[in-house]
Amino acid sequence: DYASSNMDTISKKRKFVKEGVLYAELNEFLTRELAEDGYAGVKVRTTAVCTEIIISATLVQNVVGERGRRLKELTHLIQQRFQFPKDGVRLYAERVAMRALCAITQAESVRYKLAEGLPVRRACYGVLKYIMNQALEAWSAS
């Protein structure tokens with residue numbers, strides 16, 4: 001009994017490590033690929049039929065592409081990279097509800113402002129002002 005229960009825990013550990021590595025590599029790939037489109041994160045759901053990957057972004061239309069072309073390209077790249085079977089992975093894109101409250105999106109905003117040559121203080125204050133204005137609008141609307 002002990003040996004079989006020990007095998008279960010090892011396989012569970014391997015399963016969690018495998019899922020963690022998949023998430024980390026997928027997040028890294030999508031961060032590089034979709035940085036300009038407001039990439040804000042990824043959720044991975046594994047079902048018996050397939051693996052569902054939900055991409056959060058501020059510019060969903062850019063992620064999806066014209067007639068879903070970019071999403072199909074990303075699906076193909078992910079299938080090749082992670083050796084998913086054909087039709088074994090599905091990609092979805094969802095819009096970030098409150099862009100101002102998404103830390104990843106705001107960090108990317110600061111990064112692009114700095115890359116354009118804006119002084120650090122001005123870039124950071126601009127992002128903080130945007131966050132505060134959006135929070136004020138959300139608070140006053142409720």
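Me: Buried means under 20% relative accessible area, exposed over 50%, and partly exposed in between (1.4 Å probe, protein chains only). Why is Arg 69 called exposed?

Reply: The relative accessible area of Arg 69 is 59%, which is over the 50% cut-off, so the residue counts as exposed. The model is predicted, with local features requiring pLDDT of at least 70 and side-chain atom pairs counting only at pLDDT 80 or more, while totals for chains, interfaces and linings use all residues. Residues are numbered from 1 along each chain as its sequence is written, and side-chain values use heavy atoms, with hydrogens and water left out.

Me: What makes the pair of Glu 73 and Arg 69 a salt bridge?

Reply: The term requires a side-chain nitrogen of Lys or Arg within 4 Å of a carboxyl oxygen of Asp or Glu. For Glu 73 and Arg 69 the N to O value is 3.4 Å, so the criterion is met. Both residues belong to helix H3, where a spacing of four residues separates them by about one helical turn. Glu 73, at 40% relative accessibility, is partly exposed. Helices here are DSSP runs (H or I, at least four residues), as strands are (E, at least two), numbered from the N terminus.

Me: How do you know that Arg 81 forms a salt bridge with Glu 25?

Reply: Their closest N and O atoms are 2.5 Å apart, and this value lies within the limit, so the pair qualifies. The bridge links distant parts of the chain, from helix H3 (residues 69-82), which holds Arg 81, to helix H1 (residues 2-34), which holds Glu 25, 56 residues apart. Arg 81 has 44% relative accessibility and counts as partly exposed; Glu 25, at 32%, is partly exposed as well. Eight salt bridges are found in a search of the whole structure.

Me: Why is Asp 37 called buried?

Reply: Its relative accessible area is 8%, which is under 20%, so Asp 37 is buried. Asp 37 and Arg 70 meet through their side chains in a salt bridge (2.4 Å, N to O). This pair also connects distant parts of the chain, 33 residues apart: Asp 37 sits in the loop between H1 and strand S1 (39-46), and Arg 70 in helix H3. Arg 70 is partly exposed, with a relative accessible area of 22%.

Me: How do you know that S1 and strand S2 pair?

Reply: Two strands pair if DSSP finds at least two bridges between them. S1 and strand S2 (residues 51-57) have seven, in the antiparallel sense, so the requirement is satisfied. One of the bridge partners is Ile 54 in S2, opposite Lys 43. S1 and S2 form a hairpin with four residues between them.

Me: Why is the pairing of the open sheet called mixed?

Reply: The three strands follow the order S1-S2-S3 in an open sheet with mixed pairing. S1 and strand S3 (89-95) are the edge strands, each pairing on one side only. Direction ignored, neighbouring strands are turned by 20° against each other on average. S1 and S2 pair in the antiparallel sense, whereas S2 and S3 pair in the parallel sense over seven bridges. Between S2 and S3, Thr 51 has Val 89 as its bridge partner.

Me: What makes Thr 75 buried?

Reply: Thr 75 has 15% relative accessibility and therefore counts as buried. The residue is found in helix H3, which lies across S2 and S3. Leaving aside neighbours within four places in sequence, Thr 75 is in contact (heavy atoms within 4.5 Å) with Val 89 and Leu 91. Lys 72, also found in helix H3, is exposed at 58% relative accessibility.

Me: Which residues of H4 and H5 make the contact?

Reply: Helix H4 (residues 103-115) and helix H5 (residues 120-141) pack with their axes 9 Å apart, at an angle of about 145°. Residues of the contact include Val 110 and Leu 114 of H4, and Ala 123, Val 127 and Ile 131 of H5. Axes are lines fitted to C-alpha atoms, for helices over the stretch in contact, and angles run from 0 to 180 degrees between N-to-C directions.
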